[in-house]
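Student: I have a structure open and would like to go through the reasoning behind its labels with you.
Tutor: Happy to help; let's take a look together.

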Amino acid sequence: MSDDILIDFENPYLQWVFVNQFLPHHEGQLQDIINLIPKWIERYQESEIIEAKEINKQPRPLAVVIGIDEIILCRFYRSSWNEFKIYDYFPPTIAPYFPLYHRALELLQTLKQSNVEVYFTTRMTNVLENFRYLKLDDLFSTSYLESHLIYIPSNATWRYKEEKRKEIFEKNKIFLNVGDQISDLGNYGSIQYLIYNPFYQIT
C-alpha cells in the first residue's frame with residue numbers, strides 16, 4: 001500500500017464532493033453520535049445490569065470500537081490551494097489541514113467523560129505518534145492507548161476485525177461500532193454506525 005494518495009482537486013467535481021459531501025457528512029454524523037451518546041449509555045448500562053444480574057455476574061464496562069482512519073485521524077494535507085494529499089502519517093514539515101479535529105475531539109471527550117472504554121482500530125503503525133501530534137494523548141494516556149489500539153493488517157478481512165471485536169466483547173459491553181467501512185461493523189455490538197466516505201469510491 002502506498003504511503004499517500006494524491007487527490008487532484010483541480011477537478012471541479014472532486015472539489016464539490018470534498019466541500020459538499022465529505023466534510024458536512026462526516027461532521028454531521030460525528031455530531032449525531034455525540035448527541036445520542038447519553039441516551040445510548042443510559043439504555044445499554046441498564047440492559048447490561050439486568051443481563052448480568054440474571055446470570056449472577058458483575059456488569060461489564062460499556063465500550064465503543066471506532067475505526068479511526070479518516071474519522072478521528074482525518075489525514076488530509078493541503079499542499080496548495082487546490083491540492084490535497086492523504087497520508088498514513090503526519091509529515092512534520094507539512095501543516096495539517098484537519099477539518100474534523102474539533103468534532104472528533106468532542107466525541108472522544110464525551111466518551112471519556114462518560115467512563116466508556118474506547119477501542120481504536122487502525123491500519124497505521126505509528127498511530128501513537130499521530131495522537132501525540134494532535135495532542136490527543138492529553139486525553140488518553142500512552143498506556144491506555146497501547147492497550148486499546150487494535151492494529152489491522154492491510155490485507156485483513158471482515159472476519160479478522162470481527163475476531164478482534166469478539167475479544168473486546170468478552171470483557172466489555174460494546175454498545176457502538178463506528179467506521180467508514182462495512183468491515184468496521186459486526187455482530188459484537190448493539191449499534192452499528194457507518195460513516196459516509198465518498199473517497200472510497202473515487203480514489
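**Salt bridges and cores**

Tutor: In this predicted model, the side chains of Arg165 and Glu162 meet in a salt bridge, with 2.9 Å from N to O.

Student: Why is the pair of Arg165 and Glu162 called a salt bridge?

Tutor: The cut-off is 4 Å between a side-chain nitrogen of Lys or Arg and a carboxyl oxygen of Asp or Glu. Arg165 and Glu162 have N and O 2.9 Å apart, so the pair meets the rule.

Student: Where do Arg165 and Glu162 sit relative to each other?

Tutor: They are three residues apart in helix 5, so about one helical turn separates them.

Student: What makes Arg165 and Glu162 buried or exposed?

Tutor: Buried means under 20% relative accessible area. Arg165 has 4% and Glu162 has 6%, so each counts as buried.

Student: How do you know that Arg103 and Glu27 form a salt bridge?

Tutor: Their closest N and O atoms are 3.1 Å apart, and the limit is 4 Å, so the pair qualifies. Arg103 belongs to helix 2 and Glu27 to helix 1, so this salt bridge ties together parts 76 residues apart in sequence.

Student: Why is Glu27 called partly exposed?

Tutor: Its relative accessibility is 32%. The label covers values between the 20% limit for buried and the 50% limit for exposed, so Glu27 fits it. Glu27 is also linked with Arg103 and Glu106 in a network of salt bridges.

Student: What does the salt bridge between Asp184 and Lys161 tie together?

Tutor: Asp184 lies in the loop between strand 7 and strand 8, while Lys161 is in helix 5, so the pair ties together parts 23 residues apart in sequence. The closest N and O atoms of Asp184 and Lys161 are 3.0 Å apart, and both residues are buried.

Student: How many salt bridges does the rule give?

Tutor: Five.

Student: Turning to the nonpolar side, which residues touch the most other members of the largest nonpolar core?

Tutor: Ile66, Phe175 and Leu176 do, in a core of 40 residues. Helix 1 supplies the largest share, seven residues.

Student: What does Leu176 touch?

Tutor: Leaving out residues up to four places away in sequence, Leu176 touches Ile33, Ile37, Trp40, Ala63, Val64, Val65, Ile191 and Tyr193.

Student: Why would such side chains gather?

Tutor: As a general tendency, nonpolar side chains in soluble globular proteins are buried together.

How values were computed. Residues are numbered from 1 along each chain as its sequence is written. This is a predicted model: local features need pLDDT of at least 70, side-chain atom pairs count only at pLDDT 80 or more; totals for chains, interfaces and linings use all residues. Side-chain values use heavy atoms; hydrogens and water are left out. A nonpolar core is a set of buried Ala, Val, Leu, Ile, Met, Phe, Trp, Tyr and Cys residues joined through side-chain atoms within 4.5 Å. Buried means under 20% relative accessible area, exposed over 50%, partly exposed in between (1.4 Å probe, protein chains only). Helices (H or I, at least four residues) and strands (E, at least two) are DSSP runs, numbered from the N terminus. Contact means heavy atoms within 4.5 Å.
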